[in-house]
Amino acid sequence: MKILICLSNVPDTTTKIKLAGDNSAVEKAGVQWIINPWDELALTRALELKEASGGAITSVTVVTVGGADVEPTMRKGLAIGADDAIRIDAEPKDAYYVAAQIAEVAKDFDIVMTGIESSDYNSSAVGGMLSEFLNVPSVSSVSKMEIEGGDINVTREIDGGSEIVNVATPFVAIVQKGITKEPRIPAMRGIMMARKKPLNVVAAAEVEALTEFVSYELPAAKAACKMVDAENVSELVSLLKNEAKVL
Amino acid sequence: MSVLVYTENWDGKFKKLSFELISYANEMAKQLGTEVIALSIGNVEDVELKSLGAYGAAKVVSVNDDKLASLENQPYAGVIAEVAAKEAAKVVLLANNNAGKAIAPRLSVKMKAGVIAGATEVPSSYDPFTVKKKVFTGKALANVVVKSDVKIVTLAQNSFGLVEDAKDAAVEAFDASVEDVKTAVKETNKVTGKVLLNDAEVVIAGGRGLKGPENFGPVEELAELLGGATACSRPVSDEDWRPHSEHVGQTGKIIAPNLYFAFGISGAIQHLGGVSSSKVIVAVNTDKDAPIFEAADYGIIGDAQKILPELIDAIKAAKAE
Ligand SMILES: Cc1cc2nc3c(=O)[nH]c(=O)nc-3n(C[C@H](O)[C@H](O)[C@H](O)COP(=O)(O)OP(=O)(O)OC[C@H]3O[C@@H](n4cnc5c(N)ncnc54)[C@H](O)[C@@H]3O)c2cc1C
C-alpha cells in the first residue's frame, strides 16, 4: 500500500501579511515558509501508520505543486520521514488547478491525504476536488485514522460529534486536528538523509484555472479596546447591553 | 436561470444558517433579476420546507432517498449537480461548514464550476463575477473572480445575517438519480441538547490563564446563563483540560459569534485567526500588554477567576431588572 501526502507551502502562521504590486499580490519577500500545519499532521500520521503496518504500507510520498522555491519545504517533509517527493513544476493558480495537477500523479496511490485547508487561501478544496477527479470516495474532517489488517476506519467530525467510517482503498482522507497529537520535527539524521532522498520534478499538465485572485486588501484597523475597571464589572454588563447590544 | 441553495437540515429541521443562506441568495437573485430555489436533501416535512419562503425562496426542491441517509459527499454532490442542471442554476450556494466544505469541491469538478469558499459579502460585480473572501486566516481579504459559466459560492458563517422577504414557496418532490454510497458509517457519537460551538451566538472561552481544568466551572456557568457554548485555546485542549471539540483558532474551529469572551487567553495570532470574525470580543487578562486587547472591543485587566463570578452575578442582576 502506498500513501501520498499533499504538502502545501505556506507562510509561517505568525507572518504579518503585506501586499505587493498595487495590491495584486501578497509580498513573498521576507516570509518564512512552512509545511501547511494540517499537511504536517497528515504526514506524521502516515509515517506512524507505515511503521505499525509490518511492511504492508510500502512508502509515503509527498507531492507539491510549485516552482523550485518550494523545494526547501519539501525537503523538510523528507527530513520528517517521507520516502520520496514529487514536485509538479507549476505556479499554483487556484485549488482546481492544483487538484487537477495532483490527480495526474495520485492515480498510482492507495491512500491520498490532504489537510482540511491550506492556511494561505483557506479554500478547503483541494482534497475534495482531487477525489472527484479520481472518482474515488473521500472522507472530510478526519480526526483519526486506523488501519488493521486490510480494514481502514477513519473518524470524521460532524456537527456536535463524530462518526467512524469504514472505507476501502483507493480513497482521499481530508484531515484536521486530532489525526495525530504533535507533528514530527526533523531530527539531524533525518535532515542528512533527506538530501539523498529522491525529489522528482514532473512537468505540469495543461489545465485552466476556474478562478482568479485579482486583488487583495488588508482588514480595516479595529477601534481601540474600551477598558473597564476590574472593580466595576457591572459597567461591562451595561456596555454590552446598552452600547454593543449583544446581551 | 436561478440561484440554487443547498439547505442542509439537522434531524428534519433547518437552522439559522439555512435561513441566512437563503437571505444571501435572495439578495444575489434580486441583483441578477432571477429567483432563489432551495434544495433540501433528506426527510423534511412540507411545513419546514415552506419556512424557507420567509427569506425569499420561490421554490423548494426536496430530494428524499434512503441512500442519502448518511452525509456522503459523493452522492450528495451528484444530486446537487443534477438539480442545478435541471433548474439552470447560474450560482450554487452552500454553507462554509463541514458539509459545505465536503461537497462544494466535488461539485466544482463535476460541474467544472469555479468555487469561492467562505465569501463574506454579495458579489461586488456580476460580470466578471467577483466576490470577497478572507485569506491567510483573516489576515487579508481577496477579491476573487470566477471565470466558469456556473459559479459556486460557500458563505462564511454569520457574515450576512437574516433578511426576511416572505414568499409562498412551492414545494416540489424530485426523484434524483442517486449514486451508490462507497463508504459505511459504523458508529455515530453525538451530543444532543447542547448549543453547538459553530451555531452559538455567545461563546465563552478559557485559556491557560485559568490555570487548570478545575477552574472551568464558572466558564460553563456563564455559557449556560447566556445560552452560549464553551470554547478554549489550543494548549488547553492539548493538555486535555477541555475536549478537543472546544479548541478554537487557526488549527481548531473558526467561529463568528455575536459575542466572544476570552478569559486568560493571550491572543496569539493563531488564536485570533479563529475568532476575529466575532462581532464583539471581550477580554479578561492580568497582563495589560496581552495581544488579545488589540483584538478586543471591551477589556478588563484582572484575574479571570475573580472576574468570572462577579460577571455572572452582574448579568443575573441585569437580567432580573
Ligand atoms: C501552527 C500553530 C497553530 C496554532 N493554532 C492555534 C489555534 O488554533 N488556537 C489557539 O488558541 N492557539 C493556537 N496556537 C498556539 C498559540 O500560538 C498560543 O500558544 C496559544 O493560543 C496560547 O494559548 P493561551 O492564550 O491559552 O495561553 P498563554 O499564551 O499561556 O496565555 C495565557 C494568558 O493568560 C493570562 N493570565 C494568566 N493568569 C491569568 C489570570 N489569573 N487571569 C486572567 N488572565 C491570566 C496571561 O497573561 C496570558 O496572556 C498555534 C500555534 C502554532 C505554532
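**Exercise 1. Describe the surroundings of strand S1 of chain B, starting from the partner of Val5(B) in S4(B).**

Solution. Step 1: Val5(B) stands opposite Leu93(B) in S4(B). Strands are DSSP runs of E with at least two residues, helices are runs of H or I with at least four residues, and both are numbered from the N terminus. This is a predicted model, in which local features need pLDDT of at least 70, side-chain atom pairs count only at pLDDT 80 or more, and totals for chains, interfaces and linings use all residues. Side-chain values use heavy atoms, with hydrogens and water left out, residues are numbered from 1 along each chain as its sequence is written, and chains are lettered from A and ligands numbered from 1 in the order in which they are written.

Step 2: Strand S4 (residues 89-95) of chain B runs parallel to S1(B), and four bridges join them. Two strands pair if DSSP finds at least two bridges between them.

Step 3: S1(B) also pairs in the parallel sense with strand S2 (residues 35-41) of chain B, over five bridges. Within S2(B), Leu39(B) is the bridge partner of Tyr6(B). From S1(B) the chain crosses through H1(B) to S2(B), and this β-α-β crossover is right-handed; that is, with the strands pointing away from the viewer, the path from the first strand over the helix to the second runs clockwise.

Step 4: Five of the five residues of strand S1 (residues 2-6) of chain B are buried. Buried means under 20% relative accessible area, exposed over 50%, and partly exposed in between (1.4 Å probe, protein chains only). Ser2(B), Leu4(B) and Tyr6(B) point one way from S1(B), while Val3(B) and Val5(B) point the other way.

**Exercise 2. Identify the residues with the most contacts inside the largest nonpolar core.**

Solution. Step 1: A nonpolar core is a set of buried Ala, Val, Leu, Ile, Met, Phe, Trp, Tyr and Cys residues joined through side-chain atoms within 4.5 Å. In soluble globular proteins, nonpolar side chains tend to be buried together.

Step 2: The largest such core has 41 residues, and Ile22(B), Tyr24(B), Leu52(B) and Leu93(B) have the most contacts inside it. Helix H1 (residues 16-32) of chain B gives the most to this core, namely eight residues.

Step 3: Not counting residues up to four places away in sequence, Ile22(B) touches Val5(B), Thr7(B), Val36(B), Ala38(B), Leu52(B), Tyr55(B), Gly56(B) and Ala57(B). Contact means heavy atoms within 4.5 Å.

Step 4: Another core, of 36 residues, lies apart from the 41-residue core; among its members are Val62(A), Ile80(A), Val165(A) and Leu199(A).

**Exercise 3. Describe the contact between the two chains, then examine Ser162(A) and Asn153(A).**

Solution. Step 1: Chain B contributes 80 residues to the contact and chain A contributes 76 residues. About 6,900 Å² is buried between the chains, and carbon and sulfur atoms give 56% of it. Buried area is the accessible area (1.4 Å probe) that two parts lose on being put together, summed over both. In chain B, Arg106(B), Phe136(B) and Tyr298(B) lose the most area to chain A, together 11% of what that side buries.

Step 2: Ser162(A) lies in strand S11 (residues 161-166) of chain A. Leaving aside neighbours within four places in sequence, its contacts include Glu187(B), Thr188(B) and Asn189(B). Ser162(A) is buried because its relative accessible area is 15%.

Step 3: Asn153(A) belongs to strand S10 (residues 151-158) of chain A. Apart from residues up to four places away in sequence, Asn153(A) touches Lys186(B), as well as residues of chain A including Ile164(A) and Val165(A). With a relative accessibility of 15%, Asn153(A) counts as buried.

**Exercise 4. Locate the cis peptide bonds before Pro170(A) and Pro128(B), and the positive phi values of Ser124(A) and Thr137(B).**

Solution. Step 1: Most residues other than glycine have a negative phi, and most peptide bonds are trans.

Step 2: The peptide bond from Thr169(A) to Pro170(A) is cis, with omega near -5°. Pro170(A) sits in the loop between S11 and strand S12 (171-175) of chain A. Asp127(B) and Pro128(B) are joined by a cis peptide bond with omega about 0°, and Pro128(B) is in the loop between strand S6 (125-126) and strand S7 (129-135) of chain B.

Step 3: Ser124(A), in the loop between strand S8 (111-115) and helix H4 (126-134) of chain A, has a positive phi near 45°. Thr137(B) has a positive phi of about 50° and lies in the loop between S7 and strand S8 (140-146) of chain B.
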